[in-house]
Amino acid sequence: MINIKKFSYTDILGWSISRYDRFSNCKRQYFYDYYAKFDEAIPLEKIQFLKNLTSKALEVGNIVHDIIRDMLKRYQISSKPINKNKLFKYSLNLTERYCNSKTFFEHYYNGELISNSEIYEKVKNMLENLLNSSRFTWLEKNALPSSSEWIIEPDGFGETRINNYKVFCKVDFLFPILDKIFIMDWKTGKVDMNKHSRQIMGYSLWVNYHFGKDVSDIIPILTYLYPQYNEQYIKINNFLIKEFANTVAEETKDMYNFLINIEKNIPKDKKYFPSTSNLFFCKRCNYKEICSNK
Ligand code: SF4
């Protein structure tokens, strides 16, 4: 059984790919996402409601991740092959449950009627792409014997430390084969090597921190599930990892600059979090209802 180091809770902000992306795209959106309770003008409930809006693409990704997680956990209990009919029935139920309990961006802002079956078709398509891939057969043969050692979406947010800074990198699926550790990350959207290779660097550092594995023994695989199964391999080495660790430190300090108290993670006034000038981000922003920049 692999044990993951736990950290005591602190208020200090933790770097993550998604957090820094948000920070880079629009400081005002970042404020709403992470510091809503400090907004003196807009009720917290309103900001939280908008924050929780989902979208069709987001929800497909969410559902696919949860089904693959559950399927892999089932493999940890029994090595019997998955019954596809049962899996798809489970997937349909989960899709309906998730979609019926959420408000979609497309419905809230554009009045679009959300079709659960349209979402399910995409979910099913992605699951079929995975199940029919040669990688899946390979996993059943090579990774299944050590399923008790698998790490599948570990509890919490994947907290770790990079250059002593708090960082969150939550892996989808990690498993050992002989002296190597494989990391698989499920992707349900478009190939984005710039963003996704940063994510992989973070996962590799997470493995390095928690298991003391040298990066040469870590094999990360970006797994795109749509429109067809497609894997991308990211080259990692000690130089790239060191460079990435320095970037994380710099980006964390960038975010610290917007705080009046770093230890307690208290932000400056909202006026110091400007709206983006790139209206492309505004079009798809959950907060456009309350933002004067829309
Ligand atoms: S609507 Fe535009 S400016 Fe306003 S928070 Fe969203 S992305 Fe930022």
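1. Helix 9 against helix 10. In this predicted model, helix 9 (residues 193-211) and helix 10 (residues 238-256) have axes that come within 10 Å and cross at roughly 100 degrees. Angles from 65 to 115 degrees count as roughly perpendicular, and the two helices are therefore roughly perpendicular to each other. If you want the background: a pair of packed helices is described by the angle and the distance between their axes.

2. Who touches whom. On the helix 9 side you'll find Arg198, Met201, Ser204 and Leu205, and they meet Leu240, Ile241, Phe244 and Ala245 of helix 10. Sorted by class, that contact has 6 nonpolar residues, 1 polar and 1 charged.

3. Helix 9 on its own. A quick sanity check on length: with 19 residues at 1.5 Å a residue, helix 9 should span 27 Å, and the C-alpha atoms at its ends are 26 Å apart, which agrees. Plenty to look at here in terms of burial: the buried residues of helix 9 include His196, Gln199, Ile200, Tyr203, Trp206, Val207 and Asn208. From the contact with helix 10, Met201, Ser204 and Leu205 are buried too. Just after the helix comes Gly212, with a positive phi near 60 degrees.

4. The ligand shell. Turning to the ligand, 13 residues surround it, and the closest are Cys26, Ser275, Cys282, Cys285 and Cys291. Helix 2 (27-35) and helix 11 (279-283) each supply at least two residues of this shell. The class breakdown of the shell is 6 nonpolar, 4 polar and 3 charged residues; for anyone tallying, cysteine is counted as nonpolar in that scheme.

Technical notes:
Residues are numbered from 1 along each chain as its sequence is written. This is a predicted model: local features need pLDDT of at least 70, side-chain atom pairs count only at pLDDT 80 or more; totals for chains, interfaces and linings use all residues. A residue is near a molecule or strand if its C-beta atom, placed from the backbone, lies within 6 Å of it. Helices (H or I, at least four residues) and strands (E, at least two) are DSSP runs, numbered from the N terminus. Axes are lines fitted to C-alpha atoms, for helices over the stretch in contact, and angles run from 0 to 180 degrees between N-to-C directions. Angles under 35 degrees count as roughly parallel, over 145 as roughly antiparallel, 65 to 115 as roughly perpendicular and the rest as oblique. Two residues are in contact if their C-beta atoms, placed from the backbone, lie within 7 Å. The expected span of a helix is 1.5 Å times one less than its number of residues. A residue is buried if 20 or more other C-beta atoms lie within 10 Å of its own, exposed if 12 or fewer, and partly exposed in between; C-beta atoms are placed from the backbone.
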